[in-house]
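Biologist: I'd like a close look at a single part of this structure, please. Take your time and walk me through it in one go.

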Amino acid sequence: MKGIYIRLFVILAVIGLSIWGFWPPQQKIRLGLDLRGGMQLVLQVRQPLVESKIPTTELTDRTLEVVRNRVDSLGLAEPVLQKIGQDRIMVQLPGVDDPDRAMEILGKTAFLEFKMVEDNPELLKSAIAGTVPEGYELLYQYEKDAHGISKPSVPLLLKSQAAVTGQDLSNAQLGYSQGALPVVDLEFNSEGARKFAEVTAANVNKRLAIVLDGIVQSAPVIREAIPSGKAQISGRFTTQEANDLALVLKAGALPARIEIIDRTVVGPSLGRDSINAGVKASLLGAILVGAFMIVYYSAGGLAAVFALGVNILILMAVMAYFRQTLTLPGIAGIALTIGMAVDANVLIFERIREELKAGRTIGAALDRGYDRALVAIIDSNLTTVIAAAILLALGRGSVKGFGLTLTIGVLANIFTAVFVTKVLFNLAISHFHIKKLHIG
Amino acid sequence: MNFFPKTTTFDFMGKRGIFFIISLAITIIGLALTFIKGNRVLSMDFTGGYLTQLEFSQEVDISQVRGILGERGYSDIILQKVGETGRRFIIKTKQGGHEIIQTLRENFPAVSISVLSEEQVSPTMGQTIRKQTLLACLLAICGILIYIAFRFEFRFAVAATIATIHDLLVTLAFVVVSGREIDSLVIAAFLTILGYSVNDTVVIFDRIRENLRGLTRVADPVEVFNRSLNETLSRTMITGVTSLFTLGCLYFLGGPVLNTFAFTLIIGIITGTYSSIFIASAIVIAWEKRAPHRFRTSSS
């Protein structure tokens with residue numbers, strides 16, 4: 001068999017790359033809250049500054065949904081969010097690297113408004129002096145001083161009535177201005193785009209202020225009407241700040257103010273004892289399956305166990321590379337992957353046995369067995385990948401974690417079960433001149 | 001070693017009526033019981049419950065606490081360590097925690113236990129997440145249906161989908177009848193069963209497709225199906241049994257928290273294996289008997 005060494009090299013390269021990818025595992029594999037524990041925050045929901053008539057429990061429910069969106073956007077798998085009593089929310093976050101940043105993202109009200117600027121210097125002067133005209137408000141643009149502390153610097157007189165608000169946003173993402181400075185690109189939905197077009201058309205050469213949580217971010221001059229429904233917030237952002245702001249804007253404004261009243265470290269939600277028992281039981285199960293495969297299929301079983309090991313290596317490396325979090329449902333996905341990997345090998349070996357029974361030579365039985373089993377393996381694995389990918393894309397929490405490991409695992413399986421074991425067999429036949437195939 | 005030296009000749013398709021009735025009966029009983037029990041089949045992940053924070057006057061072992069509560073029948077609780085001292089615990093329960101605190105005080109007479117707080121908490125799997133999970137699952141099943149219809153035949157796709165839903169419902173029936181509660185881990189188990197069931201069915205359909213392919217005219221579909229099922233029987237059994245090895249270990253040694261998870265999967269694997277033969281394949285045959293059509297015999 002030509003090219004066998006190239007194939008062997010490919011396998012060794014994949015193994016090497018995978019080990020390099022997730023070594024050392026304690027650092028590279030992130031465990032979810034259920035397995036490792038994390039940080040627990042208790043948030044106190046307070047009525048917003050603007051008078052609202054929403055009852056407190058409903059306000060807490062709405063706030064909970066927004067906080068959940070924000071936690072999801074942080075990319076943390078399996079957070080636990082619960083309403084406690086009437087007006088508090090408990091958030092448990094797995095393996096948070098930077099608790100301050102997490103609190104910053106969770107706590108930001110993120111109420112975005114676009115307001116027209118009144119540029120009459122007389123009115124502004126009297127407003128600063130204390131008499132703000134009816135229907136207007138005085139807000140400030142902030143600047144960082146020499147110590148990096150934000151202080152109000154530029155006063156602006158704005159119409160109280162917002163022209164457009166963050167509720168009409170359809171998307172927000174990190175972008176870069178022409179000067180390569182980080183900005184937040186905004187996109188409005190059709191309603192927002194219509195309002196935005198109207199306002200900009202009616203106010204050419206006037207200034208429009210972008211206000212976030214009562215602080216003016218910038219107040220650019222409207223050069224021409226903007227019908228596209230696209231806008232940009234520029235400020236003195238770092239890339240991280242612009243990115244976080246985009247996340248928060250996309251997740252929606254908090255309907256209430258929240259305050260963090262407690263912050264503590266919690267153990268795994270499954271309990272350390274359950275995890276230890278689970279790990280022991282799973283290892284024993286894996287050993288039993290491996291032992292069975294080797295006893296039942298001898299050398300073939302050994303090749304299958306090796307392929308299975310490579311499969312797990314690839315899975316772990318991909319998880320580490322994309323900085324994904326491993327949760328218990330994720331482990332369920334791995335268990336199914338292992339089941340399907342064993343199944344693929346069983347399919348192949350049973351097929352080879354059938355071909356041998358039909359009186360074919362070892363080489364012919366091997367080739368035919370693989371060829372025929374291949375169709376079944378690819379169809380069954382692709383069906384599973386389709387389902388798993390949908391769960392990964394649309395599921396939340398535990399469903400997502402399950403879809404993730406299953407998608408990666410089954411894709412790796414198509415490679416390991418079909419390619420890796422066959423190379424091993426071919427190598428054995430060509431190299432050791434084996435006359436009898438030890439799978440029976 | 002080889003447990004299946006000869007190809008068997010079981011008539012799997014002959015008795016399909018009996019198996020349809022058995023499956024239908026289990027499904028209906030399961031659904032009926034689920035509706036009667038209502039919210040009682042759901043764990044506090046779905047219903048919400050009570051959160052109690054306790055502080056022990058000295059460090060205690062979490063497995064000891066769980067062991068004591070487990071003996072008294074409080075297996076459906078979430079026990080979590082808080083802070084770094086090893087003395088504070090969060091206990092989440094469906095009902096209020098007064099009895100639990102009483103039980104703990106009796107069992108740790110030397111340790112004083114103070115209750116820091118006890119409060120009502122909302123479900124972690126609220127309405128919104130539940131809807132999204134259901135939607136994701138339905139779309140996943142649609143994806144499977146389309147792929148199988150494309151690679152096999154529409155009839156096979158419908159049969160595989162029914163078999164998959166059957167497996168989920170039968171497993172639900174066993175979970176409910178056994179008095180266990182559905183928590184977020186059981187949902188993960190259901191997803192696993194969905195994957196296993198489809199995989200098993202597709203493997204068997206693949207052999208049927210292969211055996212149909214050589215034919216110019218399918219004179220006796222029952223014979224072709226039976227032959228295919230017998231040819232793949234050794235693989236069906238070995239894959240099923242190896243899966244049960246691992247789950248058996250988890251069921252007996254995995255501790256109380258993972259027990260229901262393992263139980264659900266064991267039922268699902270058995271049902272998934274059964275349904276590939278007696279539901280999925282049998283539906284295609286039953287359909288053929290009612291409305292004969294031309295099987296796709298050329299390669300696709």
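In which sense do β9(A) and strand β10 (residues 182-188) of chain A pair, and over how many bridges? Once that is clear, please place that pair in its surroundings.

Modeller: Happy to! One thing to keep in mind is that this is a predicted model. β9(A) and β10(A) pair in the antiparallel sense, and seven bridges join them. To find your bearings along the pair, look for L169(A), which stands opposite F188(A) in β10(A).

The pair belongs to an open sheet of three strands in chain A, ordered β9-β10-β13 with antiparallel pairing. In general, strands of a sheet pair through backbone hydrogen bonds, either parallel or antiparallel. Here the edges are taken by β9 (169-176) and β13 (230-233) of chain A, each of which pairs on one side only. Between neighbouring strands of this sheet there is an average turn of 25°, direction ignored. A helix joins the picture too: α8 (residues 239-251) of chain A packs on the sheet and touches β9 and β10 of chain A. The direction of α8(A) makes about 175° with that of β9(A).

Stepping back from the sheet, chain A also meets chain B: 63 residues of chain A are in contact with 61 residues of chain B. On the chain A side, β3 (80-84), β14 (257-266), α9 (272-321), α10 (328-357), α11 (362-394) and α12 (398-432) each supply at least two residues. The largest share, 16 residues, comes from α9(A). By class, this side of chain A has 36 nonpolar, 18 polar and nine charged residues.

For a helical counterpart to the sheet, turn to chain B. There, the axes of α6 (residues 154-177) and α10 (residues 255-290) of chain B come within 8 Å and cross at roughly 145°, and the crossing is right-handed. Among the residues making this contact are F156(B), A159(B), A163(B) and V170(B) of α6(B), with G268(B), G272(B), I279(B) and W287(B) among those of α10(B). An α-helix has 3.6 residues a turn, so residues three or four places apart point the same way. The contact of α6(B) with α10(B) comprises 14 nonpolar, eight polar and two charged residues. As for α6(B) itself, its 24 residues reach 34 Å from first C-alpha to last, close to the 34 Å expected at 1.5 Å a residue. After α6(B) comes G179(B), which has a positive phi near 75°.

Conventions: Residues numbered from 1 in each chain as written. Chains lettered and ligands numbered in written order. Predicted model: local features only at pLDDT ≥ 70, side-chain atom pairs only at ≥ 80, totals over all residues. Contact = placed C-beta atoms within 7 Å. Helix = DSSP H or I, 4+ residues; strand = E, 2+ residues; numbered from the N terminus. Nonpolar A, V, L, I, M, F, W, Y, C, P; charged D, E, K, R; others polar. Axes fitted to C-alpha atoms, helices over the stretch in contact; angles between N-to-C directions. Left-handed = near helix turned anticlockwise from the far one by under 90°. Expected span 1.5 Å × (residues − 1). Pairing = 2+ DSSP bridges.
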